[in-house]
Every structure is written in structure tokens, then in C-alpha cells.
Amino acid sequence: MKITRFNDNRIAVVVDDEHLVDITELLGVDTAEWPPVAPTRLVADFDAWRPRIEAALPGLPRIPVRDVTLRTPIPWPNKVIAYPVNYHDHGREMQAGYRADHQGFFLKPNSSLSGAGEPVVLPNVPQREVHHEAELGIVIGKGGRGIRREDWREHVFGYACLMDMVVRGREERVFRKAYDTFCPVGPWIVTADEVADPTQLEMKLWVNGELRQHANTRDLVLDIPGMVEMASAVMTLYPGDIIATGTPAGVGQIRAGDQVRITIDGLGEMNVKVVQGTEGATPVFDKPYTPDIIKQK
Ligand code: MN
């Protein structure tokens, strides 16, 4: 099943890549609720909801996806976990002397999440480059602590395309990756039962039609079972938690007016516009910095 969010806090099932069905009323969701935790609850209670949703779908109207604004599917997870330098070719282009398997992870704030129908807003940091990072996003279903790698499948709810946007520099990684709209996720979550082999997914990212990143999840340094194990060794994973699994080589600058498109096998595509914002200036980014990236073939 493909699950997403649209317009003002409405929840939908995507029935083909061009139509969705609004299940907000079926779920009894108050669209004005704050914090917006209904999608997080749906993930937690999905096994109970699924038969009711499937039974209701044929009787509900289909809405063209093009007529709605897609939002991020889970706006209020407990956390967004992100693994740095998790493809060797990206490690080489950044000249990083470490990899995620011995470095651990960082966190991105929920407030950085945005959806497929929303722009990425560049902060007002003219001395710096903002870069795209194409990543597979994993959504946790059943939570837990100390999950063993062989049990990873029991804990994964689904998958989505994810972009980890970043201001390049040497300051705190979390600070550089925390701006609003720096974590587009979407266009929907595909539940794990519909993804035959998440360890063999082709992923591509284009900027204005130019292919910038192309990789396969088989090349992850710390694999998906390992990421679930490592994260849950440190902290309890909760339903709806999102894991950004790391980016391959080909990262580069995005500028106002750009269109950034990501596709992952079976997960659909997001094509987000980049706009210049007026907020975000900070003395932290006063000093110019140009990343020294060694282009990988
Ligand atoms: Mn990343």
C-alpha cells in the first residue's frame, strides 16, 4: 500500500501513481490537530487499520494526484535518523576518512521534513553552497530497542524517496542540515510488503534534467539490517521513525529555480522546486566555504 499526506493534513492511499483516495474521515482524523501525529499513529496501528482501509477503498472517490499538494507522509515522527558517508564513492569524493559503520549517525529535526509538492527553500547564506543528497528513506513500523540485525524486517514499515539537504561547511553537521525543508520525503511511503528487495534498489537524482547521482542500495557500506541494529542499540525506535540511509557520489549545489528530481525503483519520484528564502542568515555561515569535492567517474 502507498500512503501519503496532502493539502491540509489529509491522509491518503495512493491507488495508482496518478490517483489517491482520501481516508482522513475513515481514520477519524482531526485535520486541525496539533501536533499532527495521526500518520504516526496510523503506522503504529496499521495492522488493525489495513483491512478496514482495503474494504473502504473501492467505495471512496479517486482524486487525481496532480490536483493536490503532496505533503510529507509523516510530519511528526519521534525522530529522523541519518547515516553519514554510507557509500564508498561519496566518502571518496568528500575525502572522508570514515564511514557510517564506525561513525554512527546524526539526527535531523522533524521541522526539516517537507513533501513532494513543496519547494526546498534556500536559506539566506550567500557565502555557502547548499547541496542535494539522494537517499533511500526507511520508515520504522514496530519499534524496539536492541533489535538484532537478523530481525530487521519485522521492524520496517516501508520506504520512500528522501533528500538530505545540507549547507556545506565544517560546522556542526546537524546545524548545517536542520533548515526547514531540508528533508523532503515522498511522494508517499510504500509499505514493505510491496518492496521485494530493498537491498537492490536503483536510485537516481537529477538537477534540471542532468543526472547527478546514480547508485544501487546494494552498495551501502552499513546495510539496512545494520542501520536498524545500530540505531536501536542506542535508542528505542518508535513507529514512524525515519532513517535517512546515506547518499552516493555526485552531490552538488542547488540554486534557486532548480528542479531536483529523485527516483527509486518502485517508490515513485519526487520533483521538487528550489526557491530562495529570506530567512536563515546566521554568523555561523559568514565565512565562505567551498567544498573540495573530487569528482568520481
Ligand atoms: Mn545524507
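This report describes the manganese site, the aromatic contacts, and the cavities and pockets of a predicted model.

**The manganese site**

Three protein residues donate to the manganese ion: E133 and E135, each through OE, and D164 through OD, at 2.0 to 2.2 Å from the ion. Written as a spacing along the sequence, these donor residues follow the pattern E-x1-E-x28-D. E133 belongs to the loop between β10 (130–132) and β11 (134–140), while D164 belongs to the loop between β12 and β13 (166–167), so this pair ties together parts of the chain that are 31 residues apart in sequence. E133 has a relative accessibility of 5% and counts as buried. D164 is likewise buried, at 1% relative accessibility. Both values fall under the 20% limit that defines a buried residue.

**Aromatic contacts**

A pair of aromatic rings is described by the distance between the centres and the angle between the planes. The model contains six aromatic pairs. In the pair formed by F46 and F157, the ring centres are 5.1 Å apart and the planes stand at 90 degrees, so the arrangement is edge-to-face. This contact joins distant parts of the chain, for F46 lies in helix α3 (residues 46–56) and F157 in strand β12 (residues 156–163), 111 residues apart. F46 is buried, with 4% relative accessible area. F157 is buried as well, with a relative accessible area of 9%.

A further edge-to-face pair is made by Y83 and F105, whose centres are 5.7 Å apart and whose planes meet at 70 degrees. Here too the contact links distant parts of the chain: Y83 sits in the loop between β6 (80–82) and α4 (88–93), and F105 in the loop between α4 and β7 (106–108), 22 residues apart. How accessible is Y83, buried or exposed? Y83 is buried, at 2% relative accessible area. F105, by contrast, counts as partly exposed because its relative accessibility is 23%, and the partly exposed class lies between the limits of 20% and 50%.

Elsewhere, F175, Y179, F182 and F285 come together as one aromatic cluster. A charged side chain also meets an aromatic ring: R261 lies over the face of W206, 4.1 Å from the ring centre.

**Cavities**

A search of the whole structure yields two cavities of 30 Å³ or more. The largest has a volume of about 50 Å³. Its lining consists of I3, T4, R5, I11, P39, L42, V43, P73, I74, F157 and I189. F157, the partner of F46 in the aromatic pair, is therefore one of the residues that line this cavity. At least two lining residues come from β1 (2–6), and at least two from α2 (38–44). By class, the lining of the largest cavity has nine nonpolar residues, one polar and one charged.

The second largest cavity encloses about 40 Å³. The residues around it are R5, N9, I11, V29, D30, T31, E33, P36, A38 and P39. Of these lining residues, five are nonpolar, two polar and three charged. R5, I11 and P39 appear in the lining of the largest cavity and also in that of the second largest cavity.

**Pockets**

The two largest pockets are set out below.

| Pocket | Volume | Lining residues | Classes in the lining |
|---|---|---|---|
| Largest pocket | about 420 Å³ | 25 residues | ten nonpolar, five polar, ten charged |
| Second largest pocket | about 350 Å³ | 19 residues | five nonpolar, seven polar, seven charged |

Which residues of the largest pocket lie nearest its centre? They are M94, Y98, R168, R173 and R176. In the second largest pocket, the residues nearest the centre are E93, R212, A249, G250 and K295. Its lining draws at least two residues from each of α4, β16 (210–216) and β18 (252–253). The largest share of that lining, five residues, is supplied by β16.

Note on methods: Residues numbered from 1 in each chain as written. Predicted model: local features only at pLDDT ≥ 70, side-chain atom pairs only at ≥ 80, totals over all residues. Heavy atoms only, no water. Phe/Tyr/Trp six-rings, centres within 6.5 Å; stacked < 30°, edge-to-face > 60°. Helix = DSSP H or I, 4+ residues; strand = E, 2+ residues; numbered from the N terminus. Buried < 20%, exposed > 50% of the residue type's maximum accessible area, 1.4 Å probe, protein only. Lys NZ or Arg CZ within 6 Å of the ring centre and 35° of its normal. 1 Å grid on protein atoms, 1.4 Å probe; cavity = no way out; pocket = protein on both sides within 12 Å on 5 of 7 lines; lining within 4 Å. Points joined across faces, edges and corners; volume = space filled by probe spheres on them. Nonpolar A, V, L, I, M, F, W, Y, C, P; charged D, E, K, R; others polar. Donors = N, O, S within 2.8 Å, 3.2 Å for Na, K, Ca; no water.
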